[in-house]
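Subject: Model handover and notes

Hello,

Here is the model I promised to pass on. Please open it alongside this message.

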Amino acid sequence: MRFLIFTSIFIIVFALMSIYISKRFIKKLHFKKVYKNYLNYFLIINLIGVFCYFLFRRYPLIPNEIYFLLSIPIGIIFLLFSTTIIYDLTSLVVNKTVKDNSRRDFLKKTLDFSAVAIAAGINSKAIYNAKHAQLEKVNIKLNKLKQKYNIVQISDIHIGGLIDKEFISSMVEKINSLNTDAIVITGDLVDTNLKFAKPALEELKHLNSKYGTYFIVGNHEYFHGVDKIISYVKTLNITVLENSNIYIGNKNNGFNLAGVYDRFGERFGSYKPDIKASLKNIDITSPTVLLAHQPKYIEEIDTTNIDLILSGHTHGGQIVPFNLLVKLQQPYIKGLHQHNKNTQIYVNKGTGFWGPPMRFGSSAEITYINLLPY
């Protein structure tokens, strides 16, 4: 039922966006009517694609090539909507400031062709960005840390559909080449029925690091059977931190690694985050790194005994200007921040993507974190 409600609202919103694009962009273009009709047909096809995408995301029973085509329309409509807003505002400025009719017509025609070309270029670049994760290296100094450690953080992979076995295999190979001390996965690993995700998840068995791989759930795991996902991930030689902690490194010479369930658990009714349980019996002479999927969790807890929080969830906005909407809901969108004098937070932009295979203004990310003593 929740799926039907969410899908219906999503499609209605995209239908309204498509109407806006048609009325405020396509209709105003200095193109022949037949070409305008083709563009409107293209919008209709994209809207049908959005519906089919949601249908087959829940039941991924089609070849990946077709699924790829169905996943693109969400990004296309969103980017065209953004282009239309800019086009509308620019047209208004031209109409208000340019008095000469012939010059105004020339500028408007130039604007029309430029807008179409830019929209096409942005969509192509966005597709490329989504499939090519960049290695982000960051140095973070921690109080009480006695020696250097490094961690690889991946987040928001969203296995399902286009994020398949091949994608995970390539990601694992990149991570293993880094020879890291530990690997952490900060939620939203699985975004489909577990039976469809298993072939890709099996690739995670090949992750190699000195002290192992650690996982916390994100909000999307709750949509697909969080209990079954947790149980299965444990069979992959991955430690699931469930409001719990573990010590990394030699005694008195390492750091505490803690992890909590996602804050969505409060709405879900179980698998709720418990910061007190996650920090129980930690070594207070060593720094503590907390894995918490959503950056917003930092506002809900006492961070006195937490030196660093590693989060994800935001995708860095994934597609500009969606990052502006994310900022309304999350205190941090990407990168390293000093939250207060005790605690820093690093927000991973996501190693995969949700929805369209597109990223614009926010690259996919594998984070290599150097933990350094002060």
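Below are my notes, starting with the sheet and ending with the salt bridges.

One caution before the rest: this is a predicted model.

**The sheet**

Start with the open sheet. Six strands build it, in the order E6-E7-E8-E9-E11-E10. Its pairing is mixed. Strand E6 (244–248) and strand E10 (335–338) are the edges, each pairing on one side only. From one strand to the next, the twist averages 20 degrees.

Now look at E9 and its two partners. Strand E8 (residues 288–291) pairs with strand E9 (residues 308–311) in the parallel sense, over three bridges. Two of the residue pairs are worth finding on screen. Leu-290 has Ile-309 of E9 as its bridge partner. Leu-291 is matched with Leu-310 in E9.

E9 also pairs with strand E11 (residues 344–347). That pairing is parallel too, with four bridges. Here Leu-308 stands opposite Gln-344 of E11.

What covers E9? Both of its faces are covered. Leu-308 and Leu-310 are buried on one side. Ile-309 and Ser-311 are buried on the other.

**After E9: Thr-314**

Follow the chain out of E9. Thr-314 sits in the loop that leads from E9 to helix H10 (322–329). Is Thr-314 buried or exposed? Its relative accessible area is 5%, so Thr-314 is buried. Leaving aside neighbours within four places in sequence, Thr-314 is in contact with Pro-295, Val-326, Gln-330, Tyr-332, Ile-333, Val-347 and Asn-348. One of these contacts, Val-347, belongs to strand E11 (residues 344–347). Another, Val-326, falls within helix H10 (322–329).

**Helix H6: Ala-197**

Ala-197 is part of helix H6 (residues 194–201). It counts as buried because its relative accessibility is 0%. Not counting residues up to four places away in sequence, Ala-197 touches Ile-159, Val-190 and Thr-192. For a sense of distance, take Ala-197 and Ala-292. They are 95 residues apart in sequence. In space they are 23 Å apart, C-alpha to C-alpha.

**A nonpolar patch**

The surface carries a nonpolar patch made of Val-34, Tyr-35, Tyr-38, Tyr-41, Ile-44 and Ile-48. Together these residues have about 640 Å² of accessible area. Tyr-38, one of them, lies in helix H2 (residues 33–58).

**Salt bridges**

How many salt bridges does the structure hold? There are eight. Side chains of opposite charge can pair when their charged atoms come close. I picked out three pairs and one network.

First, Arg-263 and Glu-300. Their side chains meet at 2.6 Å, N to O. Arg-263 lies in the loop between strand E7 (255–259) and helix H8 (265–268), and Glu-300 in the loop between E8 and E9, so this pair ties together parts that are 37 residues apart in sequence. Arg-263 is partly exposed, at 22% relative accessible area. Glu-300 is partly exposed as well, at 43% relative accessibility.

Next, Glu-365 and Lys-349. The closest N and O atoms of this salt bridge are 3.0 Å apart. Glu-365 is in strand E12 (residues 365–373), while Lys-349 is in the loop between E11 and E12, so the pair ties together parts that are 16 residues apart in sequence. Are these two residues buried or exposed? Glu-365 counts as buried, because its relative accessibility is 1%. Lys-349 counts as buried too, at 8%. The cut-off that matters here is under 20%.

There is also a network. Salt bridges that share partners join Arg-24, Lys-28 and Asp-88.

Last, Glu-202 and Lys-205. Their side chains form a salt bridge at 3.1 Å, N to O. Glu-202 is partly exposed, at 26% relative accessibility. Lys-205 is partly exposed, at 41%.

**Where to look**

If time is short, begin with E9, whose two faces are both covered. Then turn to the buried pair, Glu-365 and Lys-349. Finish at the nonpolar patch that includes Tyr-38.

Best wishes

How values were computed: Residues numbered from 1 in each chain as written. Predicted model: local features only at pLDDT ≥ 70, side-chain atom pairs only at ≥ 80, totals over all residues. Heavy atoms only, no water. Pairing = 2+ DSSP bridges. Axes fitted to C-alpha atoms, helices over the stretch in contact; angles between N-to-C directions. Buried < 20%, exposed > 50% of the residue type's maximum accessible area, 1.4 Å probe, protein only. Contact = heavy atoms within 4.5 Å. Patch = residues over 30% accessible without salt bridge, like charges linked within 9 Å, V, L, I, M, F, W, Y side chains within 5 Å. Areas by Shrake-Rupley, 256 points an atom, 1.4 Å probe, with all protein chains shown as cover. Salt bridge = Lys/Arg side-chain N within 4 Å of Asp/Glu carboxyl O.
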